[in-house]
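Me: I would like to go through this model carefully, one feature at a time. Could you reason through each point before you settle on a value or a name?

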Amino acid sequence: MKDYEVIIGLEVHAELSTNTKIYCNCTTEFGADPNTHCCPICTGMPGTLPVLNKKVVEYAVKMGLATNCKIANFSKQDRKNYYYPDLPKAYQISQYDLPLCENGHIDIEVDGKKKTIGITRIHIEEDAGKLIHDAYTGDTLVDMNRCSVPLIEIVSEPDMRSAKEAVEYMQALKSILEYLDICDCKMQEGSLRCDVNLSVRPVGQKEFGTRTETKNLNSFKAIQNSIEFEIKRQIEVLENGGTIYQETRRFDDAKGEGYAMRTKEEANDYRYFPEPDLAPIVLSDEYINSIKESLPELPNVKKERYLKEYNLSLYDANILTMSIKTANYFENVVKKCNNPKMVANWIMGDFARLLNENDISIDESKISEENLANLIDLIDKGTISSKIAKTVFEEMFNTGKEAKQIVEEKGLVQISDEGAIKEIVEKVVENNPQSIIDYKAGRDRALGFLVGQVMKESKGKANPGLVNKLLLEILNK
Amino acid sequence: MELYSLTVSEIARKIKEKEITIKEVLDSVYNRIENVEEKVSAYVTLTKEQAYNRATKLQERLDNGEDIGIMGGVPIAIKDNICTNGIKTTCSSKMLENFVPFYDATVIEKLENAGAIIIGKTNMDEFAMGSSTENSAIKKTKNPWDLERVPGGSSGGSAAAVACDIAPCALGTDTGGSIRQPASFCNVVGLKPTYGLVSRYGVVAYASSLDQVGPLTKSVEDAAILLNVIAGKDEKDTTSADIPKKDYLKSIKDDIKGKKIGVPTEFISDGINEDVKKAYEENLNTLKELGAEIIEIKLDYAKYSLPTYYIIATAEASSNLGRYDGIRYGHRAKDFSSLDELYVKSRTEGFGDEVKRRIMLGTYVLSSGYYDAYYKRGQKVRTLIIDDFKKAFEKCDVIAIPTTPNTSFKFGEKTSNPLEMYLEDIYTVPVNIAGLPGISVPGGFDKNGMPIGMQFISKAFDEENLLQVAYTFEKNTGFNMKKPNV
């Protein structure tokens, strides 16, 4: 078998979190009863006209600037014509040859190596509605709540070479969207989704192979799995002397299988032409600059700052800055307790695990930033041991109580009284003569065992530093 | 004189001065409708009940001393492609035969705020595509001047209604001449305002970059009154122009001394009917006698207007009419076994031949591989035509040309050859292509006694000059005073 190179480009659709739709005043809220968030305009009733929501342009320009795109001073909207029951006007208003943003790029990191992924364009468009198939009657019904919810489509260059890179790129886009606060990025609800364009070619070949497009992937896992599936499929076809057809494909994540939907020959001729109901979008340099100035600190910049300012490892900085919510939480806790490394460890360790188990995000947890800072202070001051702190933390997570309160209620204050600890140490040494012989024989494990026994005897409350010190004093006598 | 034969300004004044009641006006007009409508068939829907209810309310307000607006109590007929809340809006198509909008077009809101009363919806060529109203799927509207002849189109119902006094005034829409041409065929005044002066919100789109709403009236003064009501920036239509509000009644002055009237002799030399030509030349003489200066102008690209129109208009139409797919409203075929079949059957049954023809043309010119050769080139020619007019208006204030090359023709005379029908719009289409205002005023009669229209065109948003010339012409010729015998 030959060695193959994989070429991947992504088309990412992000629903913008504006309050109202792109061409009317209907709310964009998700999850309402079918056909309750629509009006004559977004349902394409005869005679109605679209009016562009200025927030949509602002959000798209933000994304363009955050991904180093050139923002067009002059762009226009176009009609993409096709028939489908979820598209009430029989055309989607999109942008064809003059998009809002072009020629950008972002950096991703895979296996510690930095890579730049080109962004061809970002344009604004409207979403379509949703078809609901009634299994009982066999009818297909249409819900138009999602019609004209604003979207941006972010089209990448074919710069990715593996599933891992594609996932990293998607993750990076998601981070930026969240930092800009322009998309809620709920992939399972479809507010962030992507199409994967993929081809393979034997290593050394200059021309691209024929590409396929797998549509509407709405989880990182689905992106990863569909890419791996498609790579394998294309290579197998080629190895067996077959031909790859340019086609649109669907991926069933549950089955882990992809299948063809339609070939290029069956594809629509969208008959794009300039939308005569909407004036061109003309943006002044002042406007673009004012948006540029309003941009928040972006993930990459924040990461660099964490490395310098907090002296964190690259790994920690990467994880903490991935989500703006986590980063904000982290920074606020650090402000209060000034122990970045310990805050990072908590957030990435037990906290992350509990959030994950409970399927909530950090800002939804009961532990306030203040409470976590206080907990860390208690550890720093030696009031509680880090082992006890884990118990306290879990209680905080479940109840939202303050650390101090839990410590007091449960009598978990660390014993740092030398006399008291010495008493326990002496008792343990007396009860474990064999360990002392072992220790003297050079078996270090015996010390650990004795420390453990002291901690057990003190119900975990003995200050481990003191225990160590006192034990060694006695043993080395 | 019967109330139904009065103009808008006369009716509004008499109501305001309590000479007559609003109910008396409605009684007179609906009585006339009862006697004449059967012969003319101008209306698709009559809204008698709503009209009388509204009349009662308006009269109460008037009697309480309130100002009920400059059209207070005046009946108006509305072309059936303008959405009226709770009233069927069919576009004279089988596709929308039972379509009842739950919203008003902006022009309807404006009319109601000005006190007008909608008395019915008028017949038209299906989806405003046609020049004779023969393309209506609902009924055949006749020309009140000769019931064997067409009223013109596509606003044929509106023009016929005003001509035979079954509506004091009406709204139409004009994409390539659909207000001016029927106005000319029926001896009424028809004004197509500058593109962007009147909101298109709620007007069922045929060709979005060309469509414009305008009045059909018995006098130029009435056209000015209606324009005062319907013009203005609309937040719901981003193509509507943000220009200061004007009072067009100020243009109603009998004076054209020193006005420069441009005449594109070369453009109007081919295929023009002898009687129309003669009337046109006489009318130019009248203008000269009234003190206007007649100036020869050249319109080099105007002759390409018709092909340009049939590319741009059909392209936009093919997209605008995509929504009539049988899914949410409108006609749906009874039997189908797949989604494609539902689409194909519903549209095959719901649309008439001319609509299908234009959808196919438009789909073709937008198709990949043909876009550059047709649509893109069409847009380029459009720019040339706009420049053509700009240059012409450096030399003159208003351009005068006939509205149509011929007078009204007999039913069926031009239906077999669509190209011949399209040629009827040769003098009106350039105005839409360039987005300019144009008005057709009664300009004489041919040897059969059929009306001839005189068209004036002005710079964009210069309706003041346009109305002043038209008013002076009307006042000094009086062709509008002659009424058909129905």
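What follows is a set of questions and replies on a predicted model.

Me: Which helix of chain B supplies the largest share of the side that touches chain A?

Reply: The contact between the chains draws 32 residues from chain B and 24 residues from chain A. On the side of chain B, helix H9 (305-320) and helix H11 (353-366) each contribute at least two residues, and by class that side holds 14 nonpolar, ten polar and eight charged residues. The largest share there, three residues, comes from H9(B).

Me: What radius of gyration does chain B have, set against that of a compact globule?

Reply: Chain B contains 15 helices and eleven strands, and its C-alpha trace spans about 65 × 55 × 45 Å along the principal axes. Of its 486 residues, 61% count as buried, while residues 24 or more positions apart account for 77% of the contacts with a separation of 6 or more. For 486 residues a compact globule would have a radius of gyration near 23 Å, which agrees with the value for chain B, 21 Å.

Me: How far apart are the end C-alpha atoms of helix H9 (residues 369-380) of chain A?

Reply: This helix has twelve residues, and at 1.5 Å a residue the expected span is 16 Å. The expectation agrees with the distance between the end C-alpha atoms, which is 16 Å.

Me: Against which helices do the buried residues of H9(A) pack?

Reply: The buried residues of H9(A) are Glu369(A), Asn371(A), Leu372(A), Ala373(A), Leu375(A), Ile376(A), Leu378(A) and Ile379(A). After the helix comes Gly382(A), with a positive phi near 80 degrees. The partners in chain A against which those buried residues pack are helix H7 (324-337), helix H8 (340-358), helix H10 (386-399) and helix H11 (403-410).

Me: Which helix provides the largest share of the side of domain 1 of chain A that touches domain 2 of chain A?

Reply: Chain A is divided into domain 1 (4-288), domain 2 (297-410) and domain 3 (418-475), and the C-alpha centres of domain 1 and domain 2 of chain A lie 35 Å apart. Their contact takes seven residues from domain 1 and six residues from domain 2. On the domain 1 side, the largest share, five residues, comes from helix H2 (residues 163-180) of chain A.

Me: Which strands stand at the edges of the open sheet with the order E5-E4-E15 in chain A?

Reply: The sheet has three strands with antiparallel pairing, and two bridges join strand E4 (residues 78-81) of chain A to E15(A), with Pro274(A) as the bridge partner of Asp78(A). An edge strand has a single partner, so one side of it is left without a neighbour in the sheet, and this applies to strand E5 (91-94) and strand E15 (273-274) of chain A.

Me: Is Thr133(B), which has a positive phi although it is not a glycine, buried or exposed?

Reply: Most residues other than glycine have a negative phi, whereas phi of Thr133(B) is positive, about 65 degrees. Thr133(B) sits in the loop between E3 and H5 of chain B. Because 35 other C-beta atoms lie within 10 Å of Thr133(B), this residue is buried.

Me: Is Asn311(A) buried or exposed?

Reply: Asn311(A), with a positive phi near 60 degrees, lies in the loop between helix H5 (299-309) and helix H6 (314-322) of chain A. Because Asn311(A) has 11 other C-beta atoms within 10 Å, this residue is exposed.

Technical notes:
Residues numbered from 1 in each chain as written. Chains lettered and ligands numbered in written order. Predicted model: local features only at pLDDT ≥ 70, side-chain atom pairs only at ≥ 80, totals over all residues. Contact = placed C-beta atoms within 7 Å. Helix = DSSP H or I, 4+ residues; strand = E, 2+ residues; numbered from the N terminus. Nonpolar A, V, L, I, M, F, W, Y, C, P; charged D, E, K, R; others polar. Expected span 1.5 Å × (residues − 1). Buried ≥ 20, exposed ≤ 12 C-beta atoms within 10 Å, placed from the backbone. Domains from an automatic or database assignment. Pairing = 2+ DSSP bridges. Rg over C-alpha atoms; globule rule 2.2 N^0.38 Å.
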